[in-house]
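Work through the exercises below with the sequence and the model in view. Each task is followed by a solution in steps.

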Amino acid sequence: MYWRLSNLYFWFFALLGGLLPYWSLYLEGQGYSYLQIATLMATIQLTKIVAPSVWGYIGDRTGQRVRLVRFGDIFGSLFFAGVFLEPGFYGLLLVMLVFTFFWNAILPLYEVITLRVLGKHRDKYGKVRLWGSVGFIGAVALVGGLLELVEIQYLPWLLLPVFAGIAVSAFLVPSERGERKQQSAPVGSLKAIVTHPAVIAFFAMNFLLQVSHGAYYTFFSIHLEQHGYGKLAIGLLWSLGVIAEIGLFLIMHRLSRRFSVRQVVLGALVLTMIRWGLIAELTSVLPVLIFAQLLHAASYGALHAVSVQYIQGFFGKHHHGQGQALYSGLTFGAGGALGAWLSGFLVDGFSTSAAFWGGAAAMALAIIVTWRGLQLPPEPQLAH
């Protein structure tokens with residue numbers, strides 16, 4: 001069961017590892033401007049605003065999340081094939097929008113499946129999820145090495161084996177135990193949850209966190225290339241951040257016992273703000289850049305682990321899928337897309353360093369919001 005749960009995480013994040021670090025370089029090689037690159041990269045996040053909510057709602061009402069995961073995998077892969085037609089900017093924009101509409105449905109659904117299958121053993125979530133990080137690292141390093149041998153224009157071809165791996169793993173996903181159509185939730189309860197001040201603060205913090213990541217996911221590789229780093233080095237630096245993330249997942253249960261949720265979150269936000277400042281100004285100093293990448297353990301690992309438990313606590317059994325979808329849509333979707341676009345304007349008008357300073361400013365706002373509004377999720381709902 002552990003292997004079957006981990007398998008899809010491995011291949012799903014292997015695709016992200018082959019795509020995210022190099023897609024902006026691929027687009028640059030195709031002749032697109034910085035603003036066009038930012039727009040195309042933003043589509044990866046943009047459909048998270050709608051897609052997870054649509055698929056999460058269907059999953060909550062039907063209980064057929066495993067089938068929906070397989071459906072999203074097949075159709076997402078088919079539409080990505082439109083990249084090989086070299087359709088131009090607007091054609092590629094359409095391909096990315098449709099591809100990610102299906103693709104972004106998979107992970108929020110699968111998070112719910114994983115936690116339900118684990119049941120009372122949900123404390124093992126981190127160990128299951130870390131295989132996603134392993135897949136990301138492997139793909140980043142392998143694709144980076146291959147791109148030292150072939151031109152960046154061959155990137156879509158290098159991703160085909162990963163799509164095949166995802167297709168196979170999607171059909172190995174275990175069914176949720178005895179899961180059938182959900183009972184109706186209490187009327188109006190979802191509205192009561194999302195208007196709770198602590199939930200608003202939680203979503204605002206994560207929204208600003210993802211705004212700050214806009215420069216990282218869109219222009220980090222270009223930023224490194226401008227400072228003389230090769231594609232393999234770029235891949236290894238991306239991988240280093242995820243290795244730190246794996247280490248964090250392995251010790252998160254110890255940190256949770258030693259520090260409060262508030263301390264973990266505020267500490268992670270401060271470290272993330274420092275990280276963007278270091279990347280903005282000291283990219284050429286390799287030891288500093290390595291340290292900045294190790295801080296990915298804070299800026300993604302710690303905050304994501306806390307957020308998954310937060311969603312469980314506040315949204316409970318009846319609205320877990322929709323809560324996960326809102327988390328993905330409002331933060332990774334809206335926040336990520338806005339961050340990508342804003343970083344595009346900053347790079348186009350100033351420099352890649354300016355985009356990272358913009359991320360640091362977003363983190364300063366996130367720290368203020370969290371300091372004033374973050375509360376613990378209600379413990380009893382974790383038992384659902």
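**Exercise 1.** Determine whether Arg-275 is buried or exposed, and describe its surroundings.

Solution. Step 1: the relative accessibility of Arg-275 is 0%, so Arg-275 counts as buried; buried means under 20% relative accessible area, exposed over 50%, and partly exposed in between, with a 1.4 Å probe and protein chains only. The model is a predicted one, in which local features need pLDDT of at least 70, side-chain atom pairs count only at pLDDT 80 or more, and totals for chains, interfaces and linings use all residues. Residues are numbered from 1 along each chain as its sequence is written, and side-chain values use heavy atoms, with hydrogens and water left out.

Step 2: Arg-275 belongs to helix α14. Helices (H or I, at least four residues) and strands (E, at least two) are DSSP runs, numbered from the N terminus.

Step 3: leaving aside neighbours within four places in sequence, Arg-275 is in contact (heavy atoms within 4.5 Å) with His-213, Tyr-216, Ala-292, Gln-293, Leu-295, His-296 and Ser-299. For Ala-292, the C-alpha to C-alpha distance from Arg-275 is 5.0 Å, at a separation of 17 residues in sequence.

Step 4: the charged end of Arg-275 sits over the ring of Tyr-216, 4.5 Å from its centre. This term requires NZ of Lys or CZ of Arg within 6 Å of the ring centre and within 35 degrees of the ring normal.

**Exercise 2.** Classify the aromatic pair of Tyr-216 and Trp-276, then that of Phe-220 and Trp-238.

Solution. Step 1: a pair of aromatic rings is described by the distance of the centres and the angle of the planes. Rings of Phe, Tyr and Trp (its six-membered ring) pair if their centres lie within 6.5 Å; planes under 30 degrees apart count as stacked, over 60 as edge-to-face and the rest as tilted. There are 27 aromatic pairs in the structure.

Step 2: the ring centres of Tyr-216 and Trp-276 are 5.6 Å apart and the planes stand at 40 degrees, so this pair is tilted. Tyr-216 is in helix α12 (residues 214-226) and Trp-276 in helix α14 (residues 261-281), 60 residues apart, and the pair links these distant parts of the chain. Tyr-216 and Trp-276 are both buried.

Step 3: Phe-220 and Trp-238 make an edge-to-face pair, with 5.7 Å centre to centre and 70 degrees between the planes. Phe-220 lies in helix α12 and Trp-238 in helix α13 (residues 231-258), so the pair ties together parts 18 residues apart in sequence. Phe-220 and Trp-238 are likewise buried.

**Exercise 3.** Which residues of helix α9 are buried, and on which side of α9 do they lie?

Solution. Step 1: in helix α9 (residues 160-170), the buried residues are Val-162, Phe-163, Gly-165, Ile-166, Ser-169 and Ala-170.

Step 2: these residues cover an arc of only 160 degrees around the axis, which puts them on the same side of α9. The arc is that of the directions from the helix axis to the C-beta atoms.

Step 3: Pro-161 and Val-168, on the other side of α9, are exposed.

**Exercise 4.** Find the residues that Trp-23 touches and the aromatic cluster it belongs to.

Solution. Step 1: apart from neighbours within four places in sequence, Trp-23 is in contact with Met-41, Phe-80, Val-83, Met-96, Leu-155 and Pro-156.

Step 2: Trp-23 forms one aromatic cluster with Phe-12, Phe-13, Tyr-26, Phe-80, Phe-99, Trp-103 and Phe-163.
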